[in-house]
Amino acid sequence: MDIIITILIGFIAVFHMYILWFEMFAWETTGRKVFKQFPAELFPKTKTMAANQGLYNGFLAAGLIWTFFIQNIEWKANVSIFFLSCVAVAGIYGALSASKKIFFVQGLPAIIALILILLQ
């Protein structure tokens, strides 16, 4: 089960690094492809806001990556639970406020990883 948890955490961290990249550095190109329903004229106007959101996603990714370097099993689980909970809450909020798809790509993987950690 440890391998599955590690793979899930790695996947979630990489996904959040991708979000960091396109929100901070490719908002007006990749962002338009990801958020097709968002009016095109708003991308330049929301570039700074998107970069701020990207930075937060980077913090989530950094916290999850940090768990790969924690040797103490209890601390590793606690830090993993904290950051996965943050991702899950963000995914649930995003689904309620923006798009249900956000739950499936962000919230659900974090919830699955949380459940696996708590079942250990």
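## Surface patch

Met17, Ile65, Trp66, Phe68 and Phe69 make up a nonpolar patch on the surface, with a combined accessible area of about 510 Å². Patches of this kind take residues with over 30% relative accessible area and no salt bridge, nonpolar side chains being joined within 5 Å. Areas come from the Shrake-Rupley method with a 1.4 Å probe.

Phe68 lies in the loop between helix 4 and helix 5. Its relative accessibility is 33%, so Phe68 counts as partly exposed (buried is under 20%, exposed over 50%, partly exposed in between).

## Basis of the model

This is a predicted model, in which local features need pLDDT of at least 70 and side-chain atom pairs count only at pLDDT 80 or more, while totals for chains, interfaces and linings use all residues. Residues are numbered from 1 along each chain, and side-chain values use heavy atoms, without hydrogens and water.

## Nonpolar cores

The largest nonpolar core (buried nonpolar residues joined through side-chain atoms within 4.5 Å) has 18 residues. Helix 1 (2–24), helix 4 (47–66), helix 5 (73–97) and helix 6 (100–119) each give two or more residues to this core; helices are DSSP runs of H or I, at least four residues long. A second, separate core of 6 residues includes Ile19, Ala26, Trp27 and Phe43.

Beyond its neighbours within four places in sequence, Leu64 is in contact (heavy atoms within 4.5 Å) with Ile9, Ile12, Ala13, Phe83, Leu84 and Val87.

## Salt bridge

The whole structure has 1 salt bridge (a side-chain nitrogen of Lys or Arg within 4 Å of a carboxyl oxygen of Asp or Glu). Lys47 and Glu28 form this pair, at 3.7 Å from N to O. Lys47 is in helix 4 and Glu28 in the loop between helix 1 and helix 2 (30–34), 19 residues apart.

Conventions: Buried means under 20% relative accessible area, exposed over 50%, partly exposed in between (1.4 Å probe, protein chains only). Patches are made of residues with over 30% relative accessible area and no salt bridge: like charges are joined within 9 Å, nonpolar side chains (Val, Leu, Ile, Met, Phe, Trp, Tyr) within 5 Å.
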